[in-house]
Amino acid sequence: MREWWVQVGLLAVPLLAAYLHIPPPQLSPALHSWKSSGKFFTYKGLRIFYQDSVGVVGSPEIVVLLHGFPTSSYDWYKIWEGLTLRFHRVIALDFLGFGFSDKPRPHHYSIFEQASIVEALLRHLGLQNRRINLLSHDYGDIVAQELLYRFKQNRSGRLTIKSLCLSNGGIFPETHRPLLLQKLLKDGGMLSPILTRLMNFFVFSRGLTPVFGPYTRPSESELWDMWAGIRNNDGNLVIDSLLQYINQRKKFRRRWVGALASVTIPIHFIYGPLDPVNPYPEFLDLYRKTLPRSTVSILDDHISHYPQLEDPMGFLNAYMGFINSF
């Protein structure tokens with residue numbers, strides 16, 4: 001009997017080794033085109049991917065898009081063309097650890113560093129003295145809050161923010177409901193590196209799909225695009241490190257929520273109300289209580305955590321209504 005188990009073990013070892021070294025999936029034509037049309041700049045020796053499209057000629061307006069966890073700037077592709085019809089420059093980046101940007105490990109990933117990367121990108125593009133409209137989602141909302149805090153401090157070298165539009169992000173730790181997999185990866189200790197290596201497309205897709213509405217879930221090919229972005233540069237191996245932003249958000253709640261509550265620039269929130277991560281009505285009640293001057297667009301009741309992908313036209317119309325209101 002013992003010899004039988006030894007044989008099974010010897011057979012399992014190479015199979016497991018092969019499984020853990022499955023190469024990342026091929027980029028789809030659409031995702032390959034997204035990468036090919038983008039560029040890279042260097043921040044402290046690290047390569048950061050970004051998109052920069054010129055839209056309306058003669059307009060001074062610039063919008064910078066900040067994506068969510070665990071995906072990338074490709075989250076904005078469904079509304080990209082619509083934005084170029086309104087803005088002169090439409091800019092998005094893959095945060096460090098995401099998409100086509102570098103994913104160093106070990107590395108202390110932080111919201112502060114991501115905000116500094118956004119500032120560095122705009123300096124790289126020669127736009128550091130221009131007034132910027134920020135449009136953010138999920139993880140990007142927290143980065144936007146840090147940028148807003150720096151803007152409020154009026155320190156030299158910081159962005160001049162003209163407006164801010166947030167969407168379906170856990171800006172309040174007390175109303176945020178992270179997924180079970182996120183909790184396991186964030187607080188797994190020595191188990192987290194094992195879980196990140198064992199993660200595959202099946203686990204990823206089954207974990208992400210529930211944050212979409214029942215009628216607006218991504219197709220398998222769309223999920224593969226998201227997974228390809230994560231697997232690029234072995235990004236699955238840094239997910240546990242990236243997730244420490246949840247702990248940072250709790251620690252710096254006063255700084256980041258206070259920045260939102262105290263500035264006088266136009267602020268808007270686009271909300272998919274079926275979001276299990278930022279549930280209705282708890283999230284919206286707290287948002288309106290904390291930010292009474294902010295305007296809010298609530299999309300159809302079947303739209304969930306990724307409104308720009310689930311209802312791109314509704315999202316774009318809500319954003320344009322906000323931008324054209326001041």
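**Close-up views of a predicted model**

**View 1. Helix 5 and helix 12 form a left-handed crossing.** In this predicted model, the axes of helix 5 (residues 139-153) and helix 12 (residues 253-262) come within 8 Å and cross at roughly 65 degrees. On the helix 5 side, the residues that take part are I142, Q145, E146, L148, Y149 and K152. Their counterparts in helix 12 are R255, W256, V257, A259, L260 and S262.

**View 2. A salt bridge joins E61 and K162, one of seven in the structure.** The closest N and O atoms of E61 and K162 are 2.5 Å apart. E61 belongs to the loop between strand 2 (46-54) and strand 3 (62-66), whereas K162 belongs to strand 6 (residues 160-167), so the pair ties together parts that are 101 residues apart in sequence. Both E61 and K162 are buried.

**View 3. E222 is paired with K78 in a salt bridge.** Here the closest N and O atoms are 3.6 Å apart. Because E222 lies in helix 9 and K78 in helix 3 (residues 77-84), the salt bridge ties together parts that are 144 residues apart in sequence. E222 is partly exposed at 23% relative accessibility, and K78 is partly exposed at 35%.

**View 4. R253 of helix 12 forms a salt bridge with E174.** The closest N and O atoms of R253 and E174 are 2.7 Å apart. E174 is placed in the loop between strand 6 and helix 6 (180-186) and R253 in helix 12, so the pair ties together parts that are 79 residues apart in sequence. R253 is partly exposed, its relative accessible area being 28%; E174 is also partly exposed, with a value of 38%. Elsewhere, E119, E146, R150 and R255 are joined into one network by salt bridges that share partners.

**View 5. D225 is buried in helix 9 without a salt bridge.** Helix 9 spans residues 220-231. The nearest side chain of opposite charge to D225 is that of K78, 9.8 Å away. When neighbours within four places in sequence are left aside, D225 is in contact with S28, L31 and Y74.

**View 6. S205 occupies a buried position in helix 8.** This helix comprises residues 201-208. S205 has a relative accessible area of 2%, which means that this residue counts as buried. The side chain of S205 makes a polar contact with the side chain of R206, at 3.0 Å.

Note on methods. Residues numbered from 1 in each chain as written. Predicted model: local features only at pLDDT ≥ 70, side-chain atom pairs only at ≥ 80, totals over all residues. Heavy atoms only, no water. Helix = DSSP H or I, 4+ residues; strand = E, 2+ residues; numbered from the N terminus. Buried < 20%, exposed > 50% of the residue type's maximum accessible area, 1.4 Å probe, protein only. Polar contact = N/O pair within 3.5 Å; in protein donor to acceptor, adjacent residues only side chain to side chain. Lys, Arg positive; Asp, Glu negative; His and termini not counted. Salt bridge = Lys/Arg side-chain N within 4 Å of Asp/Glu carboxyl O. Contact = heavy atoms within 4.5 Å. Axes fitted to C-alpha atoms, helices over the stretch in contact; angles between N-to-C directions. Left-handed = near helix turned anticlockwise from the far one by under 90°.
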